[in-house]
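Visitor: I'd like a close look at one part of this model: the charged pairs and where they sit. Take your time, and bring in the surroundings as you go.

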Amino acid sequence: MEEPPSILWGLDPIFSAFARLYIQDILQMTESVQIPGIYFYNSHPIYKVDVLGTVVYKRERDNFFCYGVDDGTGVINCLCWKGELLKDKDDGTGTAPAPSDPGVFDPVVELKKLKQAQQKRCRLEIGELLRVRGSVKTFRQQREISASVFYKVDDPLMAVQIQWMMDVPELYRECYDKTFELQSDGHGESAGTPLIKATNLIKDFIKQKSVSRFRPYDVQDLLQPLIFNQLRAASAEPEAAGPSGCQQLRQLLKEVLQILQDEGVVYRRVKAQDEVYHVTEQDKDLLIAVKDIIREDSKREKYSEKGCHVLHILSAVRQRHSLNVSAAALELVLKSLECNSDIVSTSDKHYTAF
């Protein structure tokens, strides 16, 4: 995907926030060709992230800790710089002289208590839970996080982790998985080509109306204002000539439907003269078919350990449900099922049923 110009990155609210991405996505983000140190996830410019995971290895040097953090999708190095209190060779564990009067504030005693508390929060052992906020770096071709804030998370009842696992998929659905699109010029209209505007119109219609399937003529009227604006602009130009409004409308609708199919948003279960497009995430038959395939095949010895690979699932869906299900459509279905806790990803591109 082509990068937006760097001068426009600040228009994306995600750019100035700590993005709560899965570690797997942090490792796979592409680095900007315009400015090193900036990365892109689904066209969103990102340079700082927020991660919660388990420490799986640790290394300590004079000036920093290096923790390997695993969130279940991958492992990333987190470089955590020591503060002045942690650099002090006096680790604060010695016995402080007791104040003569318990009611008197003793700064020496309080400083030692502060050192002990900070060390307890920043010196983690393998298996403990760590939260890290920092900028993404690439060092010796390895992706890592240079922490600006890091601390141990006490979570005996797993309440923090459960809340995190509920919040992050929602952020993906509402923010990260939506392509960054430049907003308007002050007249309330979205910037971009008529094709982008038309695609967004159809997507909004599908989402707001919870449409499960439609035919081209069901959505054709939604695009008429765009064609009208184009014709009005063309008529203002001298000697303007081009295809008629009906021809432009049919061509625009054809291109929009092709984009939606490429993205997996819709698919045609049967390619017949009567064009019927099924909305992938609203197609209950497709969701049930994918869930049944994963549940049944996960019981087989071949898939019992790691689960079913996405290519196996795709092949089975095409055999049992429809030959026209694309890999992009299957990915949306798998995400939907996983968000509803019907399935779980055991490793990269492997799924099993609960």
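Guide: Let's fix a word first: a residue is buried if its relative accessible area is under 20%, exposed if over 50%, and partly exposed in between, using a 1.4 Å probe and counting protein chains only. What you have here is a predicted model, where local features need pLDDT of at least 70 and side-chain atom pairs count only at pLDDT 80 or more, while totals for chains, interfaces and linings use all residues. Residues are numbered from 1 along each chain as its sequence is written, and side-chain values use heavy atoms, with hydrogens and water left out.

A quick warm-up with that cut-off: Cys-122 has a relative accessible area of 8%, so it is buried. Cys-122 belongs to helix 3 (residues 107–122); helices (H or I, at least four residues) and strands (E, at least two) are DSSP runs, numbered from the N terminus. Its C-alpha sits 8.7 Å from that of Phe-65, though the two are 57 residues apart along the chain. Across the protein chain, 36% of the 354 residues count as buried, and there are 11 helices and 14 strands to keep track of.

Now the charged pairs. A salt bridge here means a side-chain nitrogen of Lys or Arg within 4 Å of a carboxyl oxygen of Asp or Glu, and by that rule the count is 21. Let's start with Asp-50 and Arg-131, whose side chains meet at 2.7 Å, N to O. This pair ties together distant parts of the chain, Asp-50 in strand 4 and Arg-131 in strand 7 (residues 129–139), 81 residues apart. Asp-50 is at 0% relative accessible area, so it is buried. Arg-131 is at 17%, so it is buried too. Neither works in isolation on the map of bridges: Arg-20, Asp-50, Arg-131, Arg-133 and Asp-167 are linked in a network.

Strand 4 (residues 48–60) has another side to its story, as Tyr-57 is found there as well. At 32% relative accessible area, Tyr-57 is partly exposed because that value lies between the two cut-offs. Together with Val-56, Val-75 and Ile-126, Tyr-57 forms a nonpolar patch on the surface with about 320 Å² of accessible area. Patches are built from residues with over 30% relative accessible area and no salt bridge, with like charges joined within 9 Å and nonpolar side chains (Val, Leu, Ile, Met, Phe, Trp, Tyr) within 5 Å. The areas themselves come from the Shrake-Rupley method with a 1.4 Å probe, and for residues only the protein chains shown count as cover.

Back to the charges: Lys-152 and Glu-128 make a salt bridge at 3.0 Å, N to O. Again distant parts of the chain are linked, with Lys-152 in strand 8 (residues 142–152) and Glu-128 in the loop between helix 3 and strand 7, 24 residues apart. The partners fall on opposite sides of the cut-off: Lys-152 is buried, at 16%, while Glu-128 is partly exposed, at 22%.

One more bridge joins Lys-203 and Glu-263, their closest N and O atoms being 2.7 Å apart. Lys-203 lies in helix 5 (residues 194–209) and Glu-263 in the loop between helix 8 and strand 10 (266–267), 60 residues apart. Lys-203 counts as partly exposed at 28%, and Glu-263 likewise at 36%.

That brings us to helix 8 (residues 245–262), whose 18 residues should span 26 Å at 1.5 Å a residue, in agreement with its end C-alpha atoms, which are 26 Å apart. The expected span is 1.5 Å times one less than the number of residues. Among the buried residues of helix 8 are Leu-249, Leu-252, Leu-253, Val-256 and Leu-260. An α-helix has 3.6 residues a turn, so residues three or four places apart point the same way. After helix 8 comes Gly-264, with a positive phi near 85°.

Finally, a chain-wide view of those long links: of the contacts (heavy atoms within 4.5 Å) with a separation of 6 or more, 61% come from residues 24 or more positions apart.
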